[in-house]
Amino acid sequence: MNGFRLRKWMRRGPLAAIAFTAMVAGTTLGTAGTSGATSSSPLPNLPTSYTLNLLNGQMAAQSGIVGPNGKGYDTFSPSVFTVPAATPINITIINYAGGQHNFTVKNPAISSAIPARTSGAVPSTTTFTTEFATPGRYRFYCATKCSGGWAATADSNKKGPSQDGYLAGYVLVVASTQTATSTPLVVSSDIVGNVGTSSCVGDTLFKVGNTVVFRIRVYDPTTGQPMDNTMLSSVVLTLPDGTVLKATYSDHNKTSPDVAASSFWTYCWTVPVGYPTGTVNYTISATANNGETGKFVPFNVASSFLQIVAS
Ligand SMILES: [Cu+2]
């Protein structure tokens, strides 16, 4: 929102100001809706630096927003902005107003003094760093007994000091990309033998020289859809001795019309000579192109573990 557009609103008069207020409300709802969805879908990276203008209600060059009484008031612009959670945020406030204000949030406690513009039309610049640990909607306001007139009075709906959309507004804090991407991929797996008639029959007992086929499917946690080699950068098995085996993706029944059902990740592992007998506590890790990961650990039931038996 720049001064030019605000001036155009000013010229349109009180009706335009109402439209602006409605737009602010719409922004709040819309962004809050997006925020609600972040638990299951990663967001694009949000900027960690934010600049607010504190517009002067009286100066022709940098006008505040016209209030219900038709007068212009000192105004934070924008009055709603979105930042990522658990991330240091640099906030810069350019104050064009002739009076001093401040930027206050109750919890987390933020209180930053905002000096008046220095001289003439030269604004003051205030910068501070803060952090919101938890996603949510945080009200900010000017808490000084300033010369903001009606805009500095307590909100009639008891939201707190100052009027929303003028000397008060909201910081929408959404789960950061890092948090959102911690939603794990869903990895499922079974093992089958690849010897004679036992092919594709679930089995857990193998001897040296047998081939163990690990069948792996990875699902996108948000869509439930299987993830192929265009979506995943790697699917790897790790054996207890640290051996890493890289699975590949292919269609295992090309005559089946249901490609999604017959396509999955596999690794064929031939049990090497001298491999110790007993349970093989393998794990499987999948990594998506966007960095999301998921892990498969076999059920902690002895009969479901891969076991190597004596020849
Ligand atoms: Cu103030």
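# Exercises on cores and sheets

Of the 33 residues in the largest nonpolar core, the ones that touch the most other members are Leu54, Leu167, Val171 and Val173. The model is a predicted one, and the exercises below work through its cores, its sheets and two of its buried valines.

**Exercise 1.** State which elements give two or more residues to the largest core, and which of them gives the most.

*Solution.* Step 1: list the elements. They are strand E1 (49-55), strand E2 (65-66), strand E5 (80-84), strand E6 (89-95), strand E10 (136-141) and strand E11 (168-174). Step 2: pick out the main contributor. E11 gives the most, with six residues. Step 3: set this against the general rule. In soluble globular proteins, nonpolar side chains tend to be buried together.

**Exercise 2.** Find the contacts of Leu54, leaving aside its neighbours within four places in sequence, and then look for a second core.

*Solution.* Step 1: the contacts of Leu54 are Asp74, Phe76, Ile93, Ile94, Asn95, Tyr96, Ala97, His101 and Ile114. Step 2: a separate core of 22 residues is also present, and Val212, Met227, Phe264 and Ala286 are among its members.

**Exercise 3.** Decide whether Val83 is buried or exposed, and place it in its strand and sheet.

*Solution.* Step 1: count neighbours. Val83 has 23 other C-beta atoms within 10 Å; the cut-off for a buried residue is 20 or more, so Val83 is buried. Step 2: find the strand. Val83 lies in E5. Step 3: find the sheet. Five strands form an open sheet with mixed pairing, in the order E5-E11-E10-E7-E8. E5 and strand E8 (110-114) are its edge strands, each pairing on one side only. On average, neighbouring strands here are turned by 20° against each other, direction ignored. Step 4: look for a residue distant in sequence. Leu172 is 89 residues from Val83 along the chain, yet their C-alpha atoms are separated by 6.3 Å.

**Exercise 4.** At the E8 end of that order, describe how E7 and E8 pair.

*Solution.* Step 1: strand E7 (residues 101-105) pairs with E8 in the antiparallel sense, over five bridges. Step 2: for one residue pair, Thr104 stands opposite Ser111 in E8.

**Exercise 5.** Explain why strands E16 and E21 each have one side without a neighbour in their sheet.

*Solution.* Step 1: write the order. Four strands form an open antiparallel sheet, E16-E15-E20-E21. Step 2: read off the edges. Strand E16 (244-246) and strand E21 (293-296) stand there with a single partner strand each, so one side of each is left without a neighbour in the sheet. Step 3: turn to the inner strands. Strand E15 (residues 232-238) and strand E20 (residues 283-288) pair in the antiparallel sense over six bridges. The bridge partner of Leu237 in E20 is Ile284.

**Exercise 6.** Decide whether Val280 is buried or exposed, and list what it touches beyond four places in sequence.

*Solution.* Step 1: Val280 lies in strand E19 (residues 278-280). Step 2: there are 21 other C-beta atoms within 10 Å of Val280, so it is buried. Step 3: its contacts are Leu239, Pro240, Phe305, Leu306, Gln307 and Ile308. Step 4: for Pro240, 40 residues apart from Val280 in sequence, the C-alpha to C-alpha distance is 6.6 Å.

**Exercise 7.** Give the overall counts for the protein chain.

*Solution.* Step 1: the chain has four helices and 22 strands. Step 2: of its 311 residues, 29% are buried. Step 3: among contacts with a separation of 6 or more, 65% join residues 24 or more positions apart.

Definitions and conventions. Residues are numbered from 1 along each chain as its sequence is written. This is a predicted model: local features need pLDDT of at least 70, side-chain atom pairs count only at pLDDT 80 or more; totals for chains, interfaces and linings use all residues. Two strands pair if DSSP finds at least two bridges between them. A nonpolar core is a set of buried Ala, Val, Leu, Ile, Met, Phe, Trp, Tyr and Cys residues joined through C-beta atoms within 7 Å. A residue is buried if 20 or more other C-beta atoms lie within 10 Å of its own, exposed if 12 or fewer, and partly exposed in between; C-beta atoms are placed from the backbone. Two residues are in contact if their C-beta atoms, placed from the backbone, lie within 7 Å. Axes are lines fitted to C-alpha atoms, for helices over the stretch in contact, and angles run from 0 to 180 degrees between N-to-C directions.
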